Amino acid sequence: MSLIHAKEGERVTVVDVDESYRRRFARLGVVPGTEINILAQSLHGGCVFLCRGIKWAMEMDMAQRITVEPIS
Amino acid sequence: MKRSVKSIRVALAGNPNCGKSTLFNHLTGLRQHIGNYAGVTVEQMKGTCLYRDIEFQFVDLPGLSGFWSSSEEERAAKDYLTREPPDIIMNVLDSARLEKNLFLTLELKELGIPLLLVCNMIDQANTMELHIDEDKLSRLFHAPVLCTDGHCGTTSVRILEALYSLAVDKGSVRSDSDEPADELTRRINSLKCMEEGESEESIMEKVRDRYRLAGQLSEAIVRHEGSPVSSLSDRLDGIFLHRIWGIPLFLGMMYLVFQLTFTLGDWPMSWLEMFFEKMADRVGALFAAEDSLFRSFLIDGVIGGCGGVIVFLPNILFLFLAIALLEDSGYMARAAFLAHRFLSRIGLPGKSFIPLMIGFGCSVPAIMATRTLENRRDRLTAMFVIPLMSCGARVPIYALLIPAFFPIEWRAPVLWFVYMTGIVLAALLALFLKKTVFRGHVSPFVMELPVWHIPSWKTVGLQTLGKAWLYLRKAGTVILGFSFLLWLAAAFPRLPQEKLSDRSSDTAEAMIECHERQLEYSTIGRLGHFIEPVLKPMGADWKIGTAFLGAFGAKEVFVAQLGIIYKVADSENKDESLRSILTRHYSPLTGTCIILFCLIGMPCMATFAMIARESLSWRFALLQWTALTVLAWLIAVCVQQVGIRFLN
């Protein structure tokens, strides 16, 4: 599923990222295998998550390019 | 006894926004601009420092996330490190974000140059209850480690001492060769370099490896003593980024900022006004017998020019205080996130909210703050519209003109109308630029949300006072200089005696007529007359024209210049009489046109120079200046012409 569909408070692992944004995401530390904590899915067109100890706010258009799976 | 001085080259490398520039300044004593944002160091900065018998030559590299990414700055930094390798690399790390910062350390390690690891901003890590195991970090990278706080006084000595011992005996840094190399050390040493021209797949594979390793290293080194992230911070985000309350809270905050700026600033402002009026009276009385030339220079030029600017210091101070509070508390990043939805519709990224906001204080720091925008198109668009955010220097103009032309109940709405006009025009212009010249997608929004914290009075105070000092310095240099030039231009060339009115009576009217003739004869009068045909359609005359010319030097000069033109400085109540003269000379419609022209057109000299510097193009700056001025003229003329027909 894409990052925007993850639930608030959920812990997920990055499975894949959109090819055209790969380097961009990698600069933030978002690469396949990275663990992400979803902190907020807000209506303001984006989500807030924690990755490698840093809290990021990301717009929906970008967040939907990250494919994740929940950590059970 | 003279010892020979050895010189050692040290490169400072680190992630963007890790406090590198602060350390560099501490070490070299240079005043490099320090911003709160990523990407402040654009060019390499160099500086030296003599410590014992070694001269350290420091080079401050731009902030790097890693060498593999394709950004220009990072490539330049890599080129520098490989082409002319420094003797030591001082890697500055942000202690609170160690995991991400260690990625770069892994890459630097591969260069084989002796490393000094500086875990900076340790105070912030401490407040987040993070504990860093320095010894372990040092063992893992075979490099000395220091934990520092950029603001602490002893920091530079500790760094220099560490660099000194590293320079003196390069090899013997904690060589724990007896110890069996542990698994992590082995993995650090076995990382393969990324080569030029490698396939994207294999680069990404290596990037992933490094991140994985950085994660494990951070796990081994950093101990969380409290909850991993402050839960209070999360709860605050829940409020301020709330899907329903977020936007109203945001608008409320902005309203509060402006309300504070103008209401709280009003009291000290009236005290300052009184002070300068008294001073003008005193000085006037002192030189009562003197030739009017020197007297008018002192009163109109010096006291009028500078006083007119200093009076607005309280407003500026409050606005910058509010901005510093928003920034230091962490709200600014949230505001940028909330604003992204609106701003992206007009073609600006959410991050441009911060520079635009600063633009209400002064365009110059606002243009500098556009450095946070990664995309050049976005940056140029933001720079283009920033002068439309009505800056603090334009407040004096409104304060003079609005009461002159509008009854009291209309004044506040007119002021709001002026600000809104600027904002709406900026939006339309940005949209237009995005559709035509700077076509392309708005860069998608992603931004780090700093941990919320109670603003530190030290940071906020220093920032506000620094800005206030810049403003005062401007009053003392640019504005004083410009006022002097304008005064000179108004006083010379002197009107020949024979051309003066022959009936040399002492009546007030004759004096005023005499003054007016002198003015028309002077340089500024001639310049004003020269541009008058252009100003006529918007209802302005050559006198207003000269004030516009002054406003190019600095917007505030407009007011002082009108004072000089109408020679009201020595009358009883300076502002009131200038206002009544204006009311007699111009219609409210013309007043509106003048305000609009000041708002939109002719960005001041300092803004022009800053745009040229930051856009790296004089052509862009010139084009923008012309475009805004033409736009201002068109709007003012339209308002005047339509207004006249409508009112008749």
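## Two helices and a loop residue in chain B

The buried residues of helix H8 of chain B are B:Ile203, B:Met204, B:Lys206, B:Val207, B:Arg210, B:Tyr211, B:Leu213, B:Ala214, B:Gly215, B:Leu217, B:Ser218 and B:Ile221, as they appear in this predicted model. The cover over these residues includes a contribution from chain A, namely helix H1 (22-28), together with helix H3 (98-109), strand E6 (130-132), helix H5 (134-141), helix H7 (183-189) and strand E8 (222-224) of chain B. H8(B) runs over residues 200-221, and because a rise of 1.5 Å a residue gives its 22 residues an expected span of 32 Å, the 31 Å between its end C-alpha atoms agrees with that expectation.

Helix H1 of chain B, residues 20-28, is mostly covered, with eight of its nine residues buried; these are B:Lys20, B:Ser21, B:Thr22, B:Leu23, B:Phe24, B:Asn25, B:Leu27 and B:Thr28. After H1(B) comes B:Gly29, which has a positive phi near 75 degrees. The elements of chain B that help to cover the buried residues of H1(B) include those in the table.

| Element of chain B | Residues |
|---|---|
| strand E1 | 6-14 |
| strand E2 | 45-51 |
| strand E3 | 54-60 |
| strand E4 | 88-94 |
| strand E5 | 115-120 |
| helix H6 | 155-168 |

In the loop between helix H15 (363-369) and helix H16 (376-385) of chain B lies B:Thr370, which counts as buried because its relative accessibility is 0%, against a cut-off of under 20%. Leaving aside residues up to four places away in sequence, B:Thr370 touches B:Pro355, B:Arg379, B:Ala382, B:Met383 and B:Ile386, and with B:Arg379 there is also a polar contact between the two side chains, at 3.2 Å.

Methods: Residues numbered from 1 in each chain as written. Chains lettered and ligands numbered in written order. Predicted model: local features only at pLDDT ≥ 70, side-chain atom pairs only at ≥ 80, totals over all residues. Heavy atoms only, no water. Helix = DSSP H or I, 4+ residues; strand = E, 2+ residues; numbered from the N terminus. Expected span 1.5 Å × (residues − 1). Buried < 20%, exposed > 50% of the residue type's maximum accessible area, 1.4 Å probe, protein only. Contact = heavy atoms within 4.5 Å. Polar contact = N/O pair within 3.5 Å; in protein donor to acceptor, adjacent residues only side chain to side chain.
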